[in-house]
Amino acid sequence: MKFPEALENPIFKIIGRLADRSGVQAYVIGGFVRDYFLQRPCTDIDVVVAGSGIELAEKLAKALQTRVTVFKTFGTAMVQAGGMEIELVGARKESYRPDSRKPEVQAGSLEDDQLRRDFTINAMAFGLNADNFAVLVDPFGGMQDLDDLIIRTPCDPDTTFSDDPLRMIRAIRFATQLGFDIDPDTFDAIVRNRERIRIVSQERITTELNKIMRSPVPSMGWELLDQTGLLEWVFLKLSRLQGVERRGKHAHKDNFYHTLKVLDNVALESDNLWLRWAALLHDIAKPQTKAYDPKQGWTFHGHEVLGSKMVPAIFRELKLPLNEKMKYVQKLVFLHLRPIALVEETVTDSAVRRLLFDAGKDIEDLMLLCRADITSGIESKVRRYLRNFALVRDKMKQIEEKDRIRNFQPPVTGEMIMEHYHIPPCREVGMIKERIKEAILEGEIENDFQQAWQLMVKTGDAILNRTSLENQ
């Protein structure tokens, strides 16, 4: 069957003409074909050539008067044109050693190349030569699997996953991104081969995990990782959140499924990847802080503090960035109970000022996370929380407009204190600054230079006189 509208971009006819002149067959394959049928945009074009992909890429670059980037080690070449990245590679067949996911490669036919692809929906191809232009080549039923919303391997799934174990997580990632089911035989093969994931680098695994996290309903991916047994291999600490323990009439919620609900709640409101990671990690320390009190039932005191301390090690283990993104997640995990505490208690100005000060520019993300954390099945409790949440927001707005606390720095700087008292940097300067900050947060003085200066003089005189006496 022909699909000429799929190849309307002139670049495809140019590639086809060059392939005809070179006496080789060329096909656009993989994600572009899949996404055409899914009506999703795609600017990464894979072209497989029954011959030399590098030679055809060089001719294409010359015809388009652009550059070609050659990767001789992989036998591929890249040409950028018209907002697209076109990667050309020779058709090949692959074989694998048991201890590596790096294949031994030989030249092959189009069918060999399609057979080595991970899933049937990624193995479809459109011909580019004059005699088969826009003809769909689909030997493994990829179109039917698209219609049936199924992720399935082109060949025996045990072979597919044993050869390249990363494909197990890719199966889950595609199912999550597209809202597809995994074919039962393919699913069972993932379960059987799950331990093979050990030979895959953490960087490649985390790339797939981030794509799961960016999906519309990311919980689907984490549940599939759990159901296949992969979760304990790729993120053991998260799997430890599972389970419900009962003592008498007391039982706590399953913190794994609660976490996934919070993650989905955040995903509905924000596409911020790191806010989603904060949602996934907000209760990560609950297993270590769980305790039973006969009167209160199950408690998890301090899990936000311990959880924030765990974030750097988790980011290091998962090869996530150890920069301001990690610090952002760490801050939100540490603060995630604070707005809830304000909802439950009397909302004082000083408590709101401290929250605004501690959260800074991330206050809106923190509030979104805390709202997402309200997952109770008791409707009246949810309504009460949301009603009180609105009161906290109103209070925040009033105080922010009046006191300008968010991201504030005390009006009197350390340099001003040192200049006024003719002293070098020392502990006393920090004590004076801290007193001014506390006074503003407690509402003793306004966030105003004149008031802060007067307090600085009063506090500084007292502290420095006391220090002078102690040193005599």
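How much area does the chain expose, and what share of that area do carbon and sulfur atoms supply? In this predicted model, the exposed area of the chain comes to about 23400 Å², and carbon and sulfur atoms account for 49% of that area. Of the 472 residues of the chain, 49% count as buried.

The secondary structure of the chain consists of 24 helices and 15 strands. The radius of gyration of the chain is 30 Å, whereas the globule rule gives 23 Å for 472 residues, and the chain is therefore more spread out than a compact globule. The C-alpha trace, followed along its principal axes, spans about 95 × 65 × 40 Å. When contacts between residues at least 6 apart in sequence are considered, 66% of them join residues that are at least 24 apart. With regard to charge, the chain carries 66 positive and 70 negative side chains, and the centres of these two sets lie 3 Å apart.

The interior of the model may be described through its nonpolar cores. In soluble globular proteins, nonpolar side chains tend to be buried together. The largest nonpolar core of the chain has 114 residues, and the residues with the most contacts inside this core are Leu-7, Trp-222, Leu-225, Phe-235, Trp-277, Leu-281 and Val-329. A second core, separate from the largest one, has 14 residues, among them Val-412, Tyr-421, Val-429 and Ala-452. Leu-281, one of the residues with the most contacts inside the largest core, touches Phe-235, Val-311, Ile-314, Phe-315, Val-329 and Val-333 when residues up to four places away in sequence are not counted.

The last of these partners, Val-333, lies in helix H17, which covers residues 324-335. Val-333 counts as buried because its relative accessibility is 0%, the limit for a buried residue being under 20%. Apart from residues up to four places away in sequence, Val-333 touches Ala-278, Leu-281, His-282, Glu-304, Gly-307, Ser-308 and Val-311. Val-333 and Pro-312 are 21 residues apart in sequence, and their C-alpha atoms are 12 Å apart in space.

Ile-284 is found in the loop between helix H14 (273-281) and helix H15 (286-289), and this residue is buried, with a relative accessible area of 1%. Its contacts, leaving aside neighbours within four places in sequence, are with Phe-235, Lys-237, Leu-238, Leu-241, Gly-307, Met-310 and Ile-314. Phe-235 and Ile-314 also appear among the residues that Leu-281 touches, and Gly-307 appears among those touched by Val-333. The C-alpha atoms of Ile-284 and Glu-269, which are 15 residues apart along the chain, are separated by 22 Å.

Two acidic residues are also buried in the model. Asp-145, which lies in helix H5 (residues 142-148), counts as buried because its relative accessibility is 5%. Not counting residues up to four places away in sequence, Asp-145 touches Thr-120, Ile-121, Ile-150, Arg-152 and Phe-180. Asp-164 is placed in the loop between helix H6 (157-163) and helix H7 (166-178), where it is buried with a relative accessible area of 9%. Between the C-alpha atoms of Asp-164 and Ile-199, which are 35 residues apart along the chain, the separation is 9.1 Å.

Other positions are described by their exposure and backbone geometry. Gln-39, in the loop between helix H2 (31-37) and strand E2 (44-49), has a positive phi of about 60° although it is not a glycine, and at 75% relative accessibility Gln-39 counts as exposed. His-422, in the loop between helix H22 (414-421) and helix H23 (427-442), likewise has a positive phi, of about 55°, without being a glycine. At 72% relative accessibility, His-422 counts as exposed. Tyr-292, by contrast, is placed in strand E14 (residues 291-293) and is partly exposed, with a relative accessible area of 26%. The C-alpha atoms of Tyr-292 and Thr-176 are separated by 37 Å, the two residues being 116 residues apart along the chain.

Key: Residues are numbered from 1 along each chain as its sequence is written. This is a predicted model: local features need pLDDT of at least 70, side-chain atom pairs count only at pLDDT 80 or more; totals for chains, interfaces and linings use all residues. Side-chain values use heavy atoms; hydrogens and water are left out. Helices (H or I, at least four residues) and strands (E, at least two) are DSSP runs, numbered from the N terminus. The radius of gyration is taken over C-alpha atoms; the globule rule is 2.2 Å times the number of residues to the power 0.38. Buried means under 20% relative accessible area, exposed over 50%, partly exposed in between (1.4 Å probe, protein chains only). Contact means heavy atoms within 4.5 Å. Accessible areas come from the Shrake-Rupley method with a 1.4 Å probe; for residues, only the protein chains shown count as cover. Lys and Arg count as positive and Asp and Glu as negative; His and the chain ends are not counted. The place of a charge is taken as NZ of Lys, CZ of Arg, CG of Asp or CD of Glu. A nonpolar core is a set of buried Ala, Val, Leu, Ile, Met, Phe, Trp, Tyr and Cys residues joined through side-chain atoms within 4.5 Å.
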